Amino acid sequence: MSAKGLQVIDHTVQLTHEWINELVGRLDWTSPHDALRLMRVTMTAVRDHLSHEEVAQFSAQLPLLIRGMF
């Protein structure tokens with residue numbers, strides 16, 4: 001266990017922040033909340049166009065928190 005809690009949870013939180021910050025930087029936005037909202041809407045649209053097998057394969061590559069949103 002890390003000082004903050006379970007290491008796997010700490011790691012996925014860190015990765016999720018990295019993904020959101022990357023999106024904020026690429027879009028030149030200032031709001032991480034807006035970037036998270038965009039990510040959720042985009043992933044929902046992508047999910048709706050994939051087969052069940054493709055969804056499983058794609059989601060296995062996502063950080064745990066983002067996979068939960070997916």
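Is Glu 54 buried, exposed or partly exposed? I began my notebook with this residue, and I found that Glu 54 is partly exposed, with a relative accessible area of 39%. The model I am reading is a predicted one, and I keep that in mind for every entry below.

**Entry 1: Glu 54 and its place.** I looked up where Glu 54 sits, and its place is in helix 3, which covers residues 52-59. I then took the separation between Glu 54 and Ile 9, which are 45 residues apart along the chain, and their C-alpha atoms turned out to be separated by 25 Å.

**Entry 2: the chain as a whole.** I next stepped back to the whole chain, whose secondary structure comes to four helices and zero strands. Read from the N terminus on, the elements run α-α-α-α. Along the principal axes, the C-alpha atoms fill a box of roughly 40 × 30 × 15 Å. I also noted that the chain has 70 residues, of which buried residues make up 21%. Among contacts between residues at least 6 apart in sequence, 39% join residues at least 24 apart.

**Entry 3: Ile 9.** I returned to Ile 9, which lies in helix 1. At 44% relative accessibility, Ile 9 counts as partly exposed, because that class lies between 20% and 50%. Which distance separates the C-alpha atoms of Ile 9 and Leu 65? These two residues are 56 residues apart along the chain, and I found their C-alpha atoms separated by 8.7 Å.

**Entry 4: helix 1 against helix 2.** How do the axes of helix 1 and helix 2 cross, and at what angle? I looked at helix 1, residues 7-27, together with helix 2, residues 32-48, and saw that their axes come within 9 Å and cross at roughly 100 degrees. Angles of 65 to 115 degrees count as roughly perpendicular, so helix 1 is roughly perpendicular to helix 2. On the helix 1 side, I listed Trp 19, Ile 20, Leu 23, Val 24 and Leu 27 as making the contact, and on the helix 2 side Pro 32, Ala 35, Leu 36, Leu 38 and Met 39. Sorted by class, this contact has 10 nonpolar, no polar and no charged residues.

**Entry 5: the loop between the two helices.** I then followed the loop between helix 1 and helix 2, where I found Asp 28 and also Ser 31. Asp 28 has a phi near 60 degrees, which is a positive value in a residue other than glycine. Asp 28 counts as exposed, because its relative accessibility is 68% and exposed means over 50%. Ser 31, by contrast, is buried, because its relative accessible area is 19% and buried means under 20%. I also checked the side chain of Ser 31, and one of its polar atoms lies 3.1 Å from the backbone nitrogen of Asp 34.

**Entry 6: Thr 16 and Trp 19.** I compared two residues of helix 1, namely Thr 16 and Trp 19. Thr 16 is buried, with a relative accessible area of 9%, whereas Trp 19 is partly exposed at 35%. Leaving aside neighbours within four places in sequence, I found Thr 16 in contact with Pro 63, Leu 65 and Ile 66. Under the corresponding rule, which leaves out residues up to four places away, Trp 19 touches Met 39, Leu 62, Pro 63 and Ile 66. For the pair Trp 19 and Leu 62, I noted that they are 43 residues apart in sequence and 10 Å apart in space, taken C-alpha to C-alpha.

**Entry 7: the core.** Which residues form the largest nonpolar core? I counted nine residues in it, and they are Ile 20, Val 24, Ala 35, Met 39, Met 43, Val 55, Leu 62, Ile 66 and Phe 70. Helix 1 and helix 2 each supply at least two residues of this core, and helix 2 gives the most, with three residues. As a general point, nonpolar side chains tend to be buried together in soluble globular proteins.

**Entry 8: Phe 70.** I closed with one member of that core, Phe 70. Not counting its neighbours within four places in sequence, Phe 70 is in contact with Met 43, Arg 47, Leu 50, Val 55, Phe 58, Ser 59 and Leu 62. Among these partners, I recognised Met 43, Val 55 and Leu 62 from the list of core residues.

Terms used. Residues are numbered from 1 along each chain as its sequence is written. This is a predicted model: local features need pLDDT of at least 70, side-chain atom pairs count only at pLDDT 80 or more; totals for chains, interfaces and linings use all residues. Side-chain values use heavy atoms; hydrogens and water are left out. Axes are lines fitted to C-alpha atoms, for helices over the stretch in contact, and angles run from 0 to 180 degrees between N-to-C directions. Angles under 35 degrees count as roughly parallel, over 145 as roughly antiparallel, 65 to 115 as roughly perpendicular and the rest as oblique. Contact means heavy atoms within 4.5 Å. Ala, Val, Leu, Ile, Met, Phe, Trp, Tyr, Cys and Pro count as nonpolar, Asp, Glu, Lys and Arg as charged, and the others, Gly among them, as polar. A nonpolar core is a set of buried Ala, Val, Leu, Ile, Met, Phe, Trp, Tyr and Cys residues joined through side-chain atoms within 4.5 Å. Buried means under 20% relative accessible area, exposed over 50%, partly exposed in between (1.4 Å probe, protein chains only). A polar contact is a pair of N or O atoms within 3.5 Å; within protein, one must be able to donate a hydrogen and the other to accept it, and residues adjacent in sequence count only if both atoms are side-chain atoms.
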